[in-house]
Amino acid sequence: MDRRTGSQILEQTGTGASVEEFFDLKFLDPDRLHFFRAQGGTLRLTIADDRSVLRAHPVCAFPFTDPKRYIEIRDGKMARVGFIRELRSLSPANRKLVEEELRARYFVPRIHRILGLDGKYGVYTWTVETDKGPQTFMVKGRRANIADAPNGEMVVTTVEGVRYRVPPREELDTRSAALLGQVL
């Protein structure tokens, strides 16, 4: 498994071309950006001397390995507006708004213990303790909705589309690791 961060992969194109040329990326100048909330809470973006984006959606290129770099901004139709290289390049006010959106988009509780795992008809009910409290959720299939993350964790996606992070098996208690083995 490749253990490089997303940024390292992105920066190592191996062609001599810049990252922008290789991937045909448009990087946004952080000094020209103004994020704000519209009435109702929608995040908007004005790019000085360019355009306004009525619904701005920040998306991490590498949410698990490098969540503060290469933030893509998409419009209301999810079309690419451009990328922000690093969150720290934004003004404090802009950074706060973008980070709020990213926290909501990437709300991924971390499982500490698996208390129960029951399967019927290809759907597994997980009962777990997370860093956000106890949870019960359903996952369709055995391995189909469990993905390996580059940092050694696994990401479990529920039937509702909610994601949970599972630490490497060696970091789980014996019972949790045994239960996890039922679906791996």
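The following legends describe close-up views of a predicted model.

**Figure 1. Salt bridge between K68 and E99.** A search of the whole structure finds 15 salt bridges, and one of them joins K68 to E99, with the closest N and O atoms 3.6 Å apart. K68 belongs to the loop between β4 (57-60) and β5 (69-74), whereas E99 belongs to helix α3 (residues 92-105); the pair therefore ties together parts that are 31 residues apart in sequence. Side chains of opposite charge can pair when their charged atoms come close.

**Figure 2. Salt bridge between E171 and R110.** The closest N and O atoms of this pair are 3.5 Å apart. E171 is placed in the loop between β12 (163-166) and α4 (174-181), and R110 in the loop between α3 and β7 (111-120), so that the contact ties together parts that are 61 residues apart in sequence. E171 is exposed, its relative accessible area being 53%.

**Figure 3. Strands β7 and β8, with the salt bridge of R113 and E129.** β7 and β8 pair in the antiparallel sense, and 8 bridges are found between them. Within this pairing, R113 stands opposite E129 in β8. The two residues also form a salt bridge, in which the closest N and O atoms are 3.8 Å apart. Because R113 lies in strand β7 and E129 in strand β8 (residues 123-130), the salt bridge ties together parts that are 16 residues apart in sequence. R113 counts as partly exposed at 39% relative accessibility, and E129 counts as partly exposed at 31%. Elsewhere, salt bridges with shared partners join R37, K96, E100 and E101 into one network.

**Figure 4. The turn of the β7 and β8 hairpin, at Y121.** The hairpin has 2 residues between its strands. Y121 is found in this loop between β7 and β8. Although Y121 is not a glycine, its phi is positive, at about 55°. Y121 counts as exposed, with 84% relative accessibility.

**Figure 5. Side-chain contacts of T130 with the backbone.** T130 is found in strand β8. At 7% relative accessibility T130 counts as buried, because the cut-off for a buried residue is under 20%. A polar atom of the T130 side chain lies 2.9 Å from the backbone nitrogen of K132. The side chain of T130 also reaches the backbone oxygen of G133, at 2.7 Å. The T130 side chain thus has a contact with a backbone nitrogen and another with a backbone oxygen.

**Figure 6. The hairpin of β5 and β6.** β5 and β6 pair in the antiparallel sense over 5 bridges. R69 stands opposite E86 in β6. There are 5 residues between the strands of this hairpin, where M78 takes a positive phi near 65°. In strand β6 (residues 80-86), 5 of the 7 residues are buried, so the strand is largely enclosed by the rest of the structure. In a regular strand the side chains alternate between the two faces of the sheet.

**Figure 7. The largest pocket and its lining.** The space in the largest pocket amounts to about 410 Å³. The lining consists of 18 residues, of which P63, P67, L102, R103 and Y106 are the closest to the centre of the pocket. Helix α3 gives the most to this lining, with 3 residues. By character, the lining residues divide into 10 nonpolar, 1 polar and 7 charged. Rolling a probe the size of a water molecule over the atoms shows where empty space is left.

**Figure 8. Positive phi at D49.** D49 is found in the loop between β2 (43-47) and β3 (51-53). The phi of D49 is positive, at about 60°, although D49 is not a glycine. D49 is exposed, with a relative accessible area of 82%, because the cut-off for an exposed residue is over 50%.

Note on methods
Residues numbered from 1 in each chain as written. Predicted model: local features only at pLDDT ≥ 70, side-chain atom pairs only at ≥ 80, totals over all residues. Heavy atoms only, no water. Salt bridge = Lys/Arg side-chain N within 4 Å of Asp/Glu carboxyl O. Helix = DSSP H or I, 4+ residues; strand = E, 2+ residues; numbered from the N terminus. Buried < 20%, exposed > 50% of the residue type's maximum accessible area, 1.4 Å probe, protein only. Pairing = 2+ DSSP bridges. 1 Å grid on protein atoms, 1.4 Å probe; cavity = no way out; pocket = protein on both sides within 12 Å on 5 of 7 lines; lining within 4 Å. Points joined across faces, edges and corners; volume = space filled by probe spheres on them. Nonpolar A, V, L, I, M, F, W, Y, C, P; charged D, E, K, R; others polar. Polar contact = N/O pair within 3.5 Å; in protein donor to acceptor, adjacent residues only side chain to side chain.
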